[in-house]
Amino acid sequence: MKTLILLIDFYGHPALTTDPYSDSVRYSHLTEIISSGFIDKKNCVFFSTTIHDNDKRLVELRHMAISKGFAFVTPLDNITSIAWDEHDNNYTIDYLKSKLKDVMKIDNTDTQIIVTGTNTSGCVFKNKDIGAFHWSKADYKTKIYLPMCAEYENKGINDFERNMLGVASLYKQMQKEKCFNIKICRDFNDLNLPV
């Protein structure tokens, strides 16, 4: 099965991080995927929303992924902060399909979507039109990979509490929207990446 790994606003909000290791965990799990030698790189593609100018780690991991044979698609580089929000609103499933058409055909019969990024209960799930909710409703096999997610939109005195409340909020939204076909993954092996 082909796999699209989405990195939604992966940089997050580092100024709000209370634990310097929380954000590093997400990058570490991304590194694990990129470094896995057994993955069929022709059937596993990364798509990142616009990479923030300060996100040197993701820029470096993108270069690493490409050098290892992965396709790693981004819409624009060096986008200005004025155009950021305007461009951000253009993300849709059809937009992604158009950006990926030369790399991999996305089809709901043989493609799984793994959604990661910032604000687990927000953009990763539904706030962006490429969140897990939208893929699920379009009949794609959809997964949210928690080790590569972070929560900043929920209250909490630290990253642990915000992430815990984010997952609880995600679960409530999944119940409300009846999205029980979305798989929540915590282990690398649960991703069933193509080999």
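Does Asp9 count as buried, partly exposed or exposed, and what is its relative accessibility? I would like to start with that residue, bearing in mind throughout that what we are looking at is a predicted model. At a relative accessibility of 21%, Asp9 counts as partly exposed, because buried would require a value under 20%. Asp9 sits in the loop between strand 1 and helix 1, and its phi is positive, about 45°, although the residue is not a glycine.

There is another residue to set beside it, further along the chain. Lys178 also is not a glycine and has a positive phi, of about 55°; its place is in the loop between helix 7, residues 159-177, and strand 6, residues 183-185. Lys178 has 64% relative accessibility and therefore counts as exposed.

Let me step back to the chain as a whole. The chain has seven helices and six strands, and if you read along the sequence you meet them in the pattern β-α-β-α-β-α-α-β-α-α-β-α-β. For 195 residues, a compact globule would have a radius of gyration near 16 Å, and the chain has 16 Å, so the two agree. Taken along the principal axes, the C-alpha atoms fill a box of roughly 45 × 35 × 35 Å. Of the 195 residues, 48% are buried, and among contacts with a separation of 6 or more, 80% are between residues 24 or more positions apart. The accessible surface comes to about 9600 Å², and carbon and sulfur atoms account for 52% of that.

Now to helix 2, which I would like to take in some detail. The helix covers residues 56-67, and at 1.5 Å a residue its 12 residues should span 16 Å, since the expected span uses one less than the number of residues; the C-alpha atoms at its ends are 17 Å apart, which agrees. Which of its residues are buried? They are Leu58, Leu61, Arg62 and Ala65. These four cover an arc of only 105° around the axis, and that is why they lie on the same side of helix 2. On the other side of the helix, Lys56, Glu60 and Ser67 are exposed. The cover over the buried residues includes strand 1 (2-8), helix 1 (20-35), strand 2 (44-48) and strand 3 (71-73). After helix 2 comes Gly69, whose phi is positive, near 105°.

Helix 1 deserves a word of its own, on account of Arg26, which is found in it. Arg26 has a relative accessible area of 0% and is therefore buried. Leaving aside residues up to four places away in sequence, Arg26 touches Phe10, Tyr11, Thr118, Pro147, Met148, Cys149, Ala150 and Tyr152.

One of those contacts, Cys149, brings me to the cysteines. How many disulfides does a search of the whole structure find? The search finds zero. The closest cysteine sulfur to that of Cys149 belongs to Cys185 and is 10 Å away, which is too far for a bond, because a disulfide needs the two sulfur atoms within 2.5 Å. Seen from the other end, the sulfur of Cys185 has that of Cys149 as its closest cysteine sulfur, again at 10 Å. Cys149 is buried, with a relative accessible area of 9%, and Cys185 counts as buried as well, at 0% relative accessibility.

Technical notes:
Residues numbered from 1 in each chain as written. Predicted model: local features only at pLDDT ≥ 70, side-chain atom pairs only at ≥ 80, totals over all residues. Heavy atoms only, no water. Helix = DSSP H or I, 4+ residues; strand = E, 2+ residues; numbered from the N terminus. Buried < 20%, exposed > 50% of the residue type's maximum accessible area, 1.4 Å probe, protein only. Arc of directions from axis to C-beta. Contact = heavy atoms within 4.5 Å. Rg over C-alpha atoms; globule rule 2.2 N^0.38 Å. Areas by Shrake-Rupley, 256 points an atom, 1.4 Å probe, with all protein chains shown as cover.
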